[in-house]
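Me: I should like to learn how the features of a protein model are read, one at a time. May we begin with the structure itself in view?

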Amino acid sequence: MCIRDRSDTDRPPGRRAGFRPAQLVPALLGGSLLGILEIALATSFAALIFSGDLAPYLSRGIGLALFSSAVALALNSLLTSYPALLGGNQDAPAAIMAVMAAGVAALTIGGEARLATVVVMLGLTTLAAGLFLLGLGVFRLAGLVRYLPYPVAGGFLAGTGWLLLVGGIGTMSHRHFSLAELPDLLAPAALPYWLPGALLGALILALSGRIRHYLFLPCIIAATIIVFFLVAALFGRSPAALSAGGWLLGPFPAGRLWQPVSAAELAAVEWPAIWPQLPNLISAVVISAIALLLNASGLELATRRDIDMNREMKAAGVANLAAGLGAGLISYAQLSLTVLSERLGAATRLTGLVAAAICGVGALLGGAALGYVPTIVFGALLVYLGLSFLWEWVVVARRRLPTIDYAIVLLILGVIAAVGFLPGVVVGIIAAVIMFVVSYSRTSIVKHALSGATFKSRVTRNADDRAALEALGDQAYFLQLQGFIFFGTANGLLEQVRARARSTPTRYVALDFRQVIGLDSTALLSFDKMRQLARENGFTLLLSGLSPGLRRQFSRGGIEAEPNVVRFDADLDRAAEWCEDQICATAADAERPLASYLQDIVPGEATRRLVGYMARLTVEQGEHLIEQGAEPDDLFFIEAGQLTAHLEVADAPPLRLETMQGGRAVGELGFYLGTRRAAAVVADRPSVVYRLSQATLARIERDDPEAAHACHRVVVHLLGERVLHLVRAVDALQA
């Protein structure tokens, strides 16, 4: 399916902004609903970050989260390549920022310094993410992030799910989730705070797979709030008592929630507490880029359209730079809200602007109202998001991932849960690299392993040479290599050659590098050992098809041409020709007259008479016997020497088609078909040929029909041998 990117410029003017009546109402209603949902998500992430020692400053955190949500929704809607795309605060970086905030809080003393340091740290992290994302987009490097191994990305997301899960439990219980705190969390007094929210989060996850309606999550949130206050009323608990008991968010100030960083706060920042969080800051930035690309890829599948990844990077970068200046949280494209916008029929930029306005109002005026929201609502949302990640990458992934990849996911999850995000990142990448090296080492770099008895060069030889090659051709061993060669694969190649030399008498080993894309320097050690193996076992190692770069690597490694040990050839065909020449030379008989060759094909006096009708010619080395494009007036038979048919192309070296020796016919296709010569034929060395012209053949057919019949039989036989030679070459490559 061709997915077309229908950008704003494809839409009529009224539709671009969503101001047509048919789109205005859905945009206003959908934007309002999406804005409320974004407020809920932003508040959840703020509660995740501002927990524990930072819980007294939650109202400030909610203001920062709502500010960045408003900025992200507005700027993404204006800059995105896809009008319906909505941006907002995200769970993965929020989970890492929560770890960073806890680390900063542990190293600072005093409420004012602690808050100022955390707020500045959040702003710096968001600014760093903005610069990184903008840089990826400006330099069109978004695709580089895709090279992260899939199981490593899955492990990161599973670890994010764990942090969200424990963060949700911690938000509801007002305790840091750890093995040491587990007895306190399971105490009867603590269970009512977090267990109902955890069960609600699990219920939302279970129902979300069955209920796809866009009102499902808003209804769950509304129903939870209603049920919570009904139960509180039954137990006679007032809102003030609930707030004092830690059941409600807040209390929040009635006025503005978002406050910019003041000069006094900058002066109170304890910078030494921020620097230890630099590794986590880098993790948050990288994870944001990866998650943005994953979300964008998911949107392409969900909406069946192309999305400009680099443009989305730039849009998110600008939004995060703006949000970072106000100490907001990291934000980028949201998959769930964008798909929800599509389903609401509100896929316009106006929808995002309306949602941004709702978040902005919440940041400036919504403090008092948010103070009546139960903590179970946002704790349950965090648990739901965390469990969704864990379900996807721990349960579902078990069925779709190979065992090794799944083990890497679990390894990263375990390290993140036990130690932290950065160690999980490092361990995951190291594990993925090790698994790749091990797996690739088991992959053979040999595309074809061929014997000289079945694989032949483009030289068509006489019957005596063919018989010698059939009998002795197995002494040559041809290996066509492919891919990238490093120490592991090169060692496997060495063992394969060693096994061949031990099991079969071998005089020649030819390695073809034409399809090799690179060679690791450590692999040269194996080729040096192969050279030593050639000396010890008496075979010649032929290296063919080397690119200039590979040739230089071999030269720097000390592997040069050495008589009877190492030889370099332009390509595998030339290497095969040289091996065949050596084999045929050991079994060669004295050169025979042409009549002897032809009578091996068609015995009888008529064949001898045929040779008598032809003119004997001598062709010097380098001389053209046939010019490419010439008229097909003559048919030639080779008695002695060697000629090669070349395809001559302008501004390129001639391409060898076939090399022919004694007893072969030259130019028979054009001669019989009446077509101009498709190739040039040049003598490789001084040669003797016999020429049969069209006029002479016509005279033979009139005066000596038996000789003419013998001529046609000889040509058909030689053509059949040529076809059989090509078929065997193809069969050898496909074996």
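Reply: Certainly; please bear in mind that this is a predicted model. Let us begin with helix α22 (residues 524-537), which lies across β5, β6, β7 and β8 and runs at about 170° to β6.

Me: Which strands does helix α21 lie across?

Reply: Helix α21, residues 487-503, lies across β3, β5 (476-485) and β6 (508-519). Its direction is at about 170° to that of β5.

Me: How should I read the pairing of strands in a sheet?

Reply: Strands of a sheet pair through backbone hydrogen bonds, and the pairing is either parallel or antiparallel. In this model, five strands form an open sheet with mixed pairing, in the order β3-β5-β6-β7-β8.

Me: Which strands stand at the edges of this sheet?

Reply: The edge strands are β3 (446-451) and β8 (566-569). Each has a single partner strand, so one side of each is left without a neighbour in the sheet. On average, and with direction ignored, neighbouring strands of this sheet are turned by 20° against each other.

Me: In which sense do β5 and β6 pair, parallel or antiparallel?

Reply: The pairing of β5 and β6 is parallel, over nine bridges. One example of a bridge partner is glutamine 515 in β6, which is matched with glutamine 482. Between the two strands the chain passes from β5 through α21 to β6, a β-α-β crossover that is right-handed.

Me: How many bridges join β6 to β7?

Reply: There are five bridges between β6 and β7, and these strands run parallel. Tyrosine 508 has threonine 540 of β7 as its bridge partner. Here too there is a β-α-β crossover: the chain goes from β6 through α22 to β7, and the crossover is right-handed.

Me: What joins β7 to the edge strand β8?

Reply: Strand β7 (residues 540-544) pairs with β8 in the parallel sense over four bridges. In β8, phenylalanine 568 is the bridge partner of leucine 543. The ring of phenylalanine 568 also has a charge over it: the charged end of arginine 551 sits there, 3.7 Å from the ring centre. Another such case involves tryptophan 393, where the charged end of arginine 400 sits over the ring at 5.1 Å from its centre.

Me: Why is β6 described as largely enclosed by the rest of the structure?

Reply: The description rests on burial: nine of the twelve residues of β6 are buried, so the strand is largely enclosed by the rest of the structure.

Me: How is a pair of aromatic rings read?

Reply: Such a pair is described by the distance of the ring centres and the angle of the planes. The count for this model comes to eleven aromatic pairs. In one of them, phenylalanine 228 and phenylalanine 229 have ring centres 5.3 Å apart and planes at 85°, so the pair is edge-to-face. Both residues belong to one aromatic cluster, formed by Tyr193, Phe228, Phe229 and Trp247.

Me: Are phenylalanine 228 and phenylalanine 229 buried or partly exposed?

Reply: Phenylalanine 228 counts as buried, at 15% relative accessibility, whereas phenylalanine 229 is partly exposed, with a relative accessible area of 26%. The cut-off for burial is under 20%.

Me: Where does serine 693 lie, and what is it in contact with?

Reply: Serine 693 lies in strand β14, residues 680-693. Its relative accessibility is 18%, so serine 693 counts as buried. Apart from neighbours within four places in sequence, serine 693 is in contact with Asp633, Asp634 and Phe671.

Notes: Residues are numbered from 1 along each chain as its sequence is written. This is a predicted model: local features need pLDDT of at least 70, side-chain atom pairs count only at pLDDT 80 or more; totals for chains, interfaces and linings use all residues. Side-chain values use heavy atoms; hydrogens and water are left out. Buried means under 20% relative accessible area, exposed over 50%, partly exposed in between (1.4 Å probe, protein chains only). Contact means heavy atoms within 4.5 Å. Rings of Phe, Tyr and Trp (its six-membered ring) pair if their centres lie within 6.5 Å; planes under 30 degrees apart count as stacked, over 60 as edge-to-face and the rest as tilted. A charge sits over a ring if NZ of Lys or CZ of Arg is within 6 Å of the ring centre and within 35 degrees of the ring normal. Two strands pair if DSSP finds at least two bridges between them. Axes are lines fitted to C-alpha atoms, for helices over the stretch in contact, and angles run from 0 to 180 degrees between N-to-C directions. A crossover is right-handed if, with the strands pointing away from the viewer, the path from the first strand over the helix to the second runs clockwise.
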